[in-house]
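Biologist: Could you take a close look at how the two chains meet in this model, and walk me through that contact? I would also like to hear how it compares with the contact between the domains inside one chain.

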2 protein chains.
Amino acid sequence: MKAWTIKEPGNRSKLTLTDKEIPKPKNEELLIEVHYAGINRLDIETRENTSLTKPYPILGVEVSGIVKENNSNNKALNPGTWVTGLVKNGGYAEYAIIPASRAIVLSKNLTLREGAAIPEVFLTAYQTMYWLGDLKKEETILIHAGASGVGTAAIQMAKKLSNAKIIVTAGSQEKLDFCRQLGADITINYKQEKFDEVILQKTGNYGVDVILDFIGANYWQKNMNSAAVNARWILIGLLGGAKVEHINLNEFLAKCISLKGTLLTPRSDEYKADLVSAFQKNVIPYFASGEIKPIIHDVFSFEDLPKAHKAMEDNENVGRLLVNIK
Amino acid sequence: MKAWTIKEPGNRSKLTLTDKEIPKPKNEELLIEVHYAGINRLDIETRENTSLTKPYPILGVEVSGIVKENNSNNKALNPGTWVTGLVKNGGYAEYAIIPASRAIVLSKNLTLREGAAIPEVFLTAYQTMYWLGDLKKEETILIHAGASGVGTAAIQMAKKLSNAKIIVTAGSQEKLDFCRQLGADITINYKQEKFDEVILQKTGNYGVDVILDFIGANYWQKNMNSAAVNARWILIGLLGGAKVEHINLNEFLAKCISLKGTLLTPRSDEYKADLVSAFQKNVIPYFASGEIKPIIHDVFSFEDLPKAHKAMEDNENVGRLLVNIK
């Protein structure tokens, strides 16, 4: 089968389309004929990871496609079923393995194209907002990078599942307008305004109960200023750097703030299976009814995968970037 | 009634024993004839707090004593009942008010002297280990200042309620030996050893699932090094300073660490009532059976309250410091 790997760690020019053996599903695994794969920032980090050694892996962490072999007892996953999910091996390939416990069966109104836009970003947003952030009905949430894949997923769930008051940041009016269409209540262009000042002013100095922070160091003090008493501040990315100078722990005590770092990919298989199970139960019905939608920015051909990586690096997408494999 | 307040914010010489009106309990409150009051570090912080304005408050946050008036419908709190609890107004006084919802009825085997040693430190240790730290059976917990009031409470509960593997730090062999008697498994003299190195060595590089951190800045990097994957790091004091010069957020993500700042005193009445209710149910039975004991270092006469403050400032106590009022 055709699959994208790397010649060596580095920039886009290191991506290489090669021939690989079709993987064999073990017990409790599915073999999937891949139709679409999602592009994630993590794939770029993997591509650049100089600690990788040969043989280099197939890149990609999520796919949609059709079950070809079902090595589990779950008959709902028999061959022919349309599924999406986080893969075991690489996803940028004509075939991939998904553990049966983390396959998401697509509701009938969703296409395979739409399905590929769901797993990584919706599961990450669900995990961070609910399992770690403990977002409660009507609470206020600050979602940075509102137009990103995780951002657009988070806005929709926070509105539909929790009727939250949603504050987003993004870097263009077009992105902010789109976030507002999805359910954002307050939109802030971080290039033009200090988001902490806007938040304190618009919430009557209350601040926000939950923060989804993909940025890290650059936003440290502004996030701290924006946090309400008992805030849950979930750190899921470091696009703005990892190193913070001069922090004051008093602020954590005085406002009883919880700062929680998290990544989804390194979690255990059991954790991911439990997450998929909760997501199937609590969120998939909103997809079936059309109240929540996968947001797709662009779909590239399989051969154009390097262009898809460039689009993610350029950071101009509103929603997901995908590649079409079949 | 006699009560200790301050002439102005400052050192122990500012403490002054004055005459005050006996407080009147409102609806759902109890009037307590105070027998013992606990000394807490918070009282010293209040004494020194230059943002206080006149009239200065009666100091003290917890007492044991006998109910004189019960303005609630809870007949278990009728006059004559022996109780302990966190007060509404000051506790260094002949009478004090406790909301009925946070009165802890003493089990029959406990004296009023023992009772005064329970509320602040046991509730703080319970809240931080279980509500915030989510300590599970057989997990590993690092308790700094193991011989302190909260430390001695935490060691006993972690052992009896959770059979945890308990690692403590303290600054003398005498304190460490006492912690071991209470149930500590690994004891570290922070003056002689680097606690993070000892922990990684003794846990086979696993680290600790929960950290009770009273220290803050001075221990920042060592705590980070000691944290296991998915660690809950509860920050409840800043004896070692609040300002950290450099932090690396990558460490929070890579190990999925949660850092939670907390204080008990500023929490809402409802929060404290819920905490007392959980504590009554889950911990008081261990006091009744004698498996968990209040740890008292010294009891001062009411007139000697400045000496009790000195003892706390000198940091030589193993367990609680109390004053005897009646």
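Modeller: Happy to! Let me start with a term: contact here means heavy atoms within 4.5 Å. Please keep in mind that this is a predicted model.

With that cut-off, the contact takes 29 residues from chain B and 29 residues from chain A. Of the interface residues of chain B, 100% are also interface residues in chain A, so the copies meet through the same surface. The superposition adds to this picture: a turn of 180° with a shift of 0.0 Å along the axis lays chain B on chain A with an RMSD of 0.1 Å. The two copies are thus related as by a two-fold rotation axis.

Now to the surface itself. Chain B and chain A bury about 2,400 Å² between them, and carbon and sulfur atoms give 63% of that area. On the chain B side, the residues that lose the most area to chain A are B:Ile247, B:Leu249 and B:Leu253, which together make up 26% of what that side buries. As for charge pairing and polar pairing, the rule finds 0 salt bridges across the interface of chain B and chain A, but it does find 12 residue pairs in polar contact, both residues being at pLDDT 80 or more. The elements of chain B that give two or more residues to this side are strand S12 (227–235), strand S13 (243–248), helix H8 (250–254) and strand S14 (258–261). Among these elements, S13(B) gives the most, with 6 residues. Sorted by class, the side of chain B that touches chain A has 15 nonpolar, 10 polar and 4 charged residues.

For the contact inside one chain, take chain A. Its domain assignment gives domain 1 (2–118 + 294–324) and domain 2 (121–261). The contact between them takes 14 residues from domain 1 of chain A and 12 residues from domain 2 of chain A. The C-alpha centres of these two domains of chain A lie 28 Å apart. Together, domain 1 and domain 2 of chain A bury about 970 Å², with 67% of it on carbon and sulfur atoms. In domain 1 of chain A, the residues A:Ile118, A:Ile295 and A:Val318 lose the most area to domain 2 of chain A, and together they account for 46% of what that side buries. Across this domain interface of chain A the rule finds 0 salt bridges, and 3 residue pairs are in polar contact, both at pLDDT 80 or more. By class, the side of domain 1 of chain A that touches domain 2 of chain A has 7 nonpolar, 4 polar and 3 charged residues.

While you have the backbone in view, a few torsions are worth a visit. Most residues other than glycine have a negative phi, and most peptide bonds are trans. In chain A, a cis peptide bond joins A:Lys54 and A:Pro55, with omega about -5°. A:Pro55 sits in the loop between helix H1 (41–48) and strand S4 (62–70) of chain A. In chain B, B:Lys54 and B:Pro55 are joined by a cis peptide bond, with omega about -5°, and B:Pro55 lies in the loop between helix H1 (41–48) and strand S4 (62–70) of chain B. A:Glu138 is not a glycine, yet its phi is positive, about 70°. You will find A:Glu138 in the loop between helix H3 (119–132) and strand S8 (140–143) of chain A.

Note on methods:
Residues numbered from 1 in each chain as written. Chains lettered and ligands numbered in written order. Predicted model: local features only at pLDDT ≥ 70, side-chain atom pairs only at ≥ 80, totals over all residues. Heavy atoms only, no water. Least-squares fit on C-alpha atoms with pLDDT ≥ 70 in both. Domains from an automatic or database assignment. Buried area = accessible area lost by both parts, 1.4 Å probe. Salt bridge = Lys/Arg side-chain N within 4 Å of Asp/Glu carboxyl O. Polar contact = N/O pair within 3.5 Å; in protein donor to acceptor, adjacent residues only side chain to side chain. Nonpolar A, V, L, I, M, F, W, Y, C, P; charged D, E, K, R; others polar. Helix = DSSP H or I, 4+ residues; strand = E, 2+ residues; numbered from the N terminus.
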